[in-house]
Amino acid sequence: MREAVTRILGIETSCDETSAAVLQGSGDDVTQKSLVILSQDVHRVFGGVVPEIASRAHLTSIVPVVDRALGEAGSSLDDLDAIAVTNTPGLVGALLVGVSYGKALAFSRGIPLLGVHHMEGHLFAAALEHRDALPPFTALLISGGHTLLLDVEAWGRYRLLGGTRDDAAGEAFDKVAKLLGLPYPGGRYIEQLAATGDQKRFKFARPMLRRNSQPGDDDYYAFSFSGLKTAVLNAVRDSKQLESDKADIARGFQDSLIDTLVEKVARGALRFSRQRVVLGGGVACNRTLAAAMRARLEPEGITVFTPSPRLATDNAAMIARAGFFRFENGERAGLDLNAYASSPIPGLVAA
């Protein structure tokens with residue numbers, strides 16, 4: 001006899017990971033039954049994601065990835081109550097693969113379809129591992145394409161405090177890694193190299209962190225990393241012995257970026273009296289960042305939650321988890337669900 005629980009299949013194809021997951025439960029008591037992530041390592045050859053290659057790889061991978069996720073969960077398509085699929089933001093061609101496949105599965109089984117915003121998925125990721133990573137909290141979403149600071153009053157009610165005005169944090173890591181001759185994606189290689197660097201040699205400015213900044217200022221919560229990237233470029237060009245300077249430059253860059261992220265989050269958490277901070281997105285894998293965030297906020301009585309690397313990267317478990325919330329609130333998508341390269345997170349309230 002079938003269990004009286006909701007079971008949702010999540011599908012994620014927004015960039016260069018083909019992922020599927022099965023979750024079951026209700027409310028905030030949701031259990032991850034399976035998660036399969038297939039990464040497209042071919043993009044390392046090009047130093048960045050090639051959209052056409054990503055789309056074609058999703059086409060060949062999505063069926064076996066979904067089949068394996070169902071198998072590992074001990075489920076079949078007939079056991080599902082709904083299908084949640086990322087439909088924005090991301091690479092349109094890549095998104096369309098997941099959206100089209102999700103619609104076909106939902107139609108074939110006569111079950112509900114849910115379109116999920118990729119960045120809302122990242123908000124839910126930590127809650128899959130930490131039962132207390134629940135609203136209200138301050139959230140920092142940091143990835144290759146996004147840097148967003150949000151005040152989360154409740155699931156579905158998000159106050160956008162600030163975002164990046166140019167490069168995202170992950171993009172800055174990748175570009176600096178390229179300047180230093182490191183592999184793509186650059187985040188983990190920068191962190192590894194910076195760990196051996198001298199923090200005193202290259203003191204880059206902390207972007208948009210004015211000492212006299214006030215909550216009403218338009219840059220109080222905002223981010224900008226293009227100037228920091230340019231400062232690193234100049235340091236590389238001016239270096240007389242780049243090989244021996246690389247670790248110190250990486251340290252100076254990472255210290256500047258992390259100090260900026262930490263202080264902006266502290267501003268948001270203290271301003272709205274939040275006792276929890278949640279990190280999400282690929283850059284949340286950076287252990288140095290997590291340690292700095294805890295060192296700054298725990299003395300203030302604020303707990304910092306970070307997802308494991310597997311749930312910080314693009315994955316379908318977080319999409320299914322966000323899908324649970326939308327499903328239980330009665331939302332449904334039609335078969336005219338489309339893919340969009342960019343769109344605001346649903347549920348944004350006035351800052």
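At the start of helix H8, a side-chain oxygen of Asn286 comes to within 3.0 Å of the backbone nitrogen of Thr288 in this predicted model. Helix H8 itself covers residues 287–297, and its buried residues are Leu289, Ala290, Met293 and Leu297. Because these buried residues fall within an arc of 100° when the helix is seen down its axis, they line one face of H8. The face turned away from that buried side carries the exposed residues Arg287 and Ala295. The cover over the buried residues of H8 includes strand S6 (137–142), helix H7 (242–271), strand S9 (276–280) and strand S10 (303–305).

Met293, one of the buried residues of H8, touches Leu140, Leu261, Val262, Val265, Leu279 and Val304, when residues up to four places away in sequence are not counted. Met293 also belongs to the largest nonpolar core, which has 42 residues, and it is among the members that touch the most others, together with Leu140, Phe253, Leu257 and Leu289. At least two residues of this core come from each of S6, helix H4 (169–179), helix H5 (187–194), helix H6 (226–238), H7, S9 and H8, and the largest share, ten residues, is supplied by H7. A second core, separate from this one, has 39 residues and includes Ala82, Leu123, Ala127 and Tyr158.

The loop between H7 and S9 holds Arg274, and this arginine counts as buried because its relative accessibility is 15%, under the 20% limit for that class. Its side chain makes a polar contact of 2.7 Å with the side chain of Asp151. With neighbours within four places in sequence left aside, Arg274 is in contact with Pro136, Phe137, Thr138, Asp151, Glu153, Arg159, Ala269 and Ile302. Ser273 is placed in the loop between H7 and S9, but this serine counts as exposed, because its relative accessibility is 55%.

Most residues other than glycine have a negative phi, and most peptide bonds are trans. The table gathers the exceptions described here, with the loop in which each is found.

| Residue(s) | Feature | Value | Loop |
|---|---|---|---|
| Pro135 and Pro136 | cis peptide bond | omega about 5° | Pro136: between helix H3 (118–125) and S6 |
| Tyr184 to Pro185 | cis peptide bond | omega near -10° | Pro185: between H4 and H5 |
| Met208 | positive phi | phi near 60° | between H5 and H6 |
| Ser273 | positive phi | phi near 55° | between H7 and S9 |

Pro136, whose peptide bond with Pro135 is cis, is also one of the residues in contact with Arg274.

The aromatic residues complete this account. A pair of aromatic rings is described by the distance of the centres and the angle of the planes. The structure holds seven aromatic pairs; among them is the stacked pair of Phe202 and Phe204, with 6.1 Å from centre to centre and 25° between the planes. Phe202 counts as buried because its relative accessibility is 16%, and Phe204 counts as buried because its value is 10%. One aromatic cluster is formed by Phe124, Phe137, Trp155 and Phe325, and Phe137 is also among the residues that Arg274 contacts. Elsewhere, the charged end of Arg267 sits over the ring of Tyr220, at 4.5 Å from the centre of that ring.

How values were computed. Residues numbered from 1 in each chain as written. Predicted model: local features only at pLDDT ≥ 70, side-chain atom pairs only at ≥ 80, totals over all residues. Heavy atoms only, no water. Phe/Tyr/Trp six-rings, centres within 6.5 Å; stacked < 30°, edge-to-face > 60°. Buried < 20%, exposed > 50% of the residue type's maximum accessible area, 1.4 Å probe, protein only. Lys NZ or Arg CZ within 6 Å of the ring centre and 35° of its normal. Helix = DSSP H or I, 4+ residues; strand = E, 2+ residues; numbered from the N terminus. Arc of directions from axis to C-beta. Contact = heavy atoms within 4.5 Å. Polar contact = N/O pair within 3.5 Å; in protein donor to acceptor, adjacent residues only side chain to side chain. Core = buried A, V, L, I, M, F, W, Y, C linked by side-chain atoms within 4.5 Å.
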